[in-house]
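Thanks for coming. I will go through one model today, starting with confidence and ending with a single residue.

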Amino acid sequence: MTTSQIKSETITVTPLVDKPLGCTVTLPSYCNNDPSLLNEDDHKKLYEAVLTYLVVVIPGQGNFSPKSQYNLTKSFDSSLKDEISYGHEDKILANDKSILKRDLITIKEQPEVHVLGNGVWNDPKYGKEDINLKHPTHFTFHKDHLPKEKCFDVPENEIPWTRFYRWHIDSALYKLYPPKITTLLGLKVPSKDKKQLVKYDDPENNELLVQQAATCFVSGANAFDLLSEEDKDLVLNSKIMYAPHPYIYISQCAATNDGLTICNEGKELELKELPPWEEKHIMKLPLVWTNPVTGKHHLQVHGCCVYKLYLPNGEVLGLEKSRELIYKWMKPAINPENVYAHEWSNGELCIFYNRGVWHSVSGQFDEGETRLCHQCNIASNEVPSVQK
Ligand SMILES: [Fe+2]
């Protein structure tokens with residue numbers, strides 16, 4: 001038996017070279033190219049790879065079914081019972097005011113799997129009608145915008161400019177706890193030679209060259225490691241409160257140029273303008289979540305949805321002060337050298353540790369350009385915790 005045959009009996013994990021995080025995984029032959037059919041040992045190895053490298057890429061998954069995607073996503077969270085919820089409540093996602101408002105395009109037979117991308121698609125999986133997907137861009141979310149002529153239909157010898165849309169953790173941040181794992185399947189993606197330049201528009205004039213619509217990741221553990229010893233102590237012992245229905249609360253607001261937080265302009269809705277909410281469902285979470293496999297501390301904050309910050313000395317910071325402090329802690333982590341911009345090939349499956357990374361959409365599309373992805377995450381029943 002050759003070495004390669006021996007290898008094919010189990011999964012292989014290969015860390016990405018010269019990248020701040022990530023690994024690729026190849027599957028053993030017995031699972032017929034379906035990662036939801038791994039045996040217990042290999043599933044454990046895959047789980048450990050996700051929590052160690054934070055983003056796992058499995059190529060050749062163009063035929064990965066929505067049912068398998070759901071089963072795989074669910075399999076990483078032992079807290080899940082029979083009653084399963086997508087990471088957000090449907091009625092809140094579909095609320096006209098929500099910044100996450102989408103037409104809720106889901107797979108009819110597996111509604112926990114959502115369809116994302118750009119352009120018009122027709123597939124019985126999505127229903128009888130055509131679906132029309134719109135890739136989100138900073139033009140609808142940031143306070144200041146790049147010049148449109150630098151982003152759309154640029155001359156052939158120029159590279160279009162873009163921004164990080166919004167750095168985030170997948171989570172409703174109200175009533176439902178953050179999913180542990182998100183799976184994202186790139187079915188039809190732009191070619192690798194189509195580049196766009198992420199402009200930070202920060203004082204350092206940072207830039208990052210990426211494939212059009214690359215999905216960008218940073219490690220929450222690296223974010224924690226970059227803090228001063230004093231700030232580490234502070235974040236370990238502080239708690240963050242998110243607004244009730246946070247994506248509706250900030251629906252009139254606009255974000256900073258880097259998509260990390262919201263500009264303080266006083267445009268938040270009054271709490272009484274929000275859909276009904278209950279005190280007991282408001283999320284007050286540690287800022288640091290400890291990785292159960294590596295033991296590392298991850299700074300895990302959704303900078304756009306913060307509401308109040310509870311410091312260890314008993315002080316409670318309001319909206320503006322909380323945003324400022326959180327921003328100071330988060331910003332170094334998105335410097336270009338710390339970002340893993342996943343450049344997609346058709347049929348790649350990314351499995352990421354949603355409780356250990358932050359991620360952002362990038363890029364925009366000209367008329368007629370298309371992209372198609374299936375995404376799944378499931379709200380956990382387990383509260384994220386810090387082990388000090
Ligand atoms: Fe996301």
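This is a predicted model, and its average pLDDT is 94, with 97% of the residues scoring at least 70. The exception I want to flag is residues 1-6, where pLDDT stays under 50. For that stretch the model has one contact beyond four places in sequence. Where pLDDT is low, the predicted coordinates should not be read in detail. I will leave that stretch there.

Next, the domains. The assignment gives domain 1, made of 3-220 + 339-377, and domain 2, made of 227-333. Their C-alpha centres are 23 Å apart. Domain 1 puts 33 residues into the contact and domain 2 puts in 32 residues. On the domain 1 side, helix H2 supplies the largest share, three residues.

Where does the largest nonpolar core lie with respect to domain 1 and domain 2? Both domains give residues to this core, so it lies between them. The core has 93 residues, and those with the most contacts inside it are Val 50, Val 55, Val 56, Phe 217 and Tyr 242. H2, residues 40-53, contributes the largest share of the core, at six residues.

Take Tyr 242 from that list. Leaving out neighbours within four places in sequence, Tyr 242 is in contact with Leu 173, Tyr 174, Met 283, His 302, Cys 305, Val 306 and Tyr 307. There is also a second, separate core of six residues, and Tyr 70, Ile 107, Val 113 and Val 115 are among them.

Tyr 70 brings us to helix H3, residues 66-75. The buried residues in H3 are Pro 66, Ser 68, Gln 69, Tyr 70, Leu 72 and Thr 73. What do they pack against? The partners are strand E4 (106-107), strand E5 (110-121), strand E8 (181-188) and strand E21 (371-377).

Now to the sheets, and back to Phe 217. An open sheet of three strands runs in the order E18-E11-E20, with antiparallel pairing. Strand E18 (340-342) and strand E20 (357-361) are the edge strands, each pairing on one side only. Neighbouring strands in this sheet are turned by 25° against each other on average, direction ignored.

Strand E11 covers residues 215-219 and pairs with E20 over five bridges, in the antiparallel sense. With E18, E11 shares three bridges, and that pair also runs antiparallel. Phe 217 has a bridge partner on each side: Tyr 340 in E18, and His 359 in E20. Cys 216 stands opposite Ser 360 in E20.

Are the residues of E11 buried or exposed? Five of its five residues are buried, and the strand is mostly covered. Thr 215, Phe 217 and Ser 219 point one way from E11, while Cys 216 and Val 218 point the other way. Burial therefore applies to both faces of the strand, with the residues on either side counted as buried.

A second open sheet of three strands has the order E7-E9-E10, and here the pairing is mixed. Strand E7 (161-162) and strand E10 (207-211) stand at the edges with a single partner strand each, so one side of each has no neighbour in the sheet. Strand E9, residues 195-199, is joined to E10 by five bridges, and the two run antiparallel. One bridge pair to look at is Val 198 with Leu 208 in E10.

Last, the single residue. Tyr 310 sits in strand E16, residues 306-310. Why does Tyr 310 count as partly exposed? Tyr 310 has 17 other C-beta atoms within 10 Å, whereas a buried residue needs 20 or more and an exposed one has 12 or fewer. Not counting residues up to four places away in sequence, Tyr 310 touches Ser 238, Lys 239, Met 241 and Val 316. Lys 239 is 71 residues from Tyr 310 in sequence, yet their C-alpha atoms are 5.0 Å apart in space.

To close, two points to keep. The core of 93 residues lies between the two domains, because both give residues to it. And residues 1-6 have pLDDT under 50. That is all from me.

Definitions and conventions:
Residues are numbered from 1 along each chain as its sequence is written. This is a predicted model: local features need pLDDT of at least 70, side-chain atom pairs count only at pLDDT 80 or more; totals for chains, interfaces and linings use all residues. pLDDT is the predictor's confidence in each residue, from 0 to 100. Two residues are in contact if their C-beta atoms, placed from the backbone, lie within 7 Å. Two strands pair if DSSP finds at least two bridges between them. Helices (H or I, at least four residues) and strands (E, at least two) are DSSP runs, numbered from the N terminus. Axes are lines fitted to C-alpha atoms, for helices over the stretch in contact, and angles run from 0 to 180 degrees between N-to-C directions. A nonpolar core is a set of buried Ala, Val, Leu, Ile, Met, Phe, Trp, Tyr and Cys residues joined through C-beta atoms within 7 Å. Domain bounds come from an automatic or database domain assignment.
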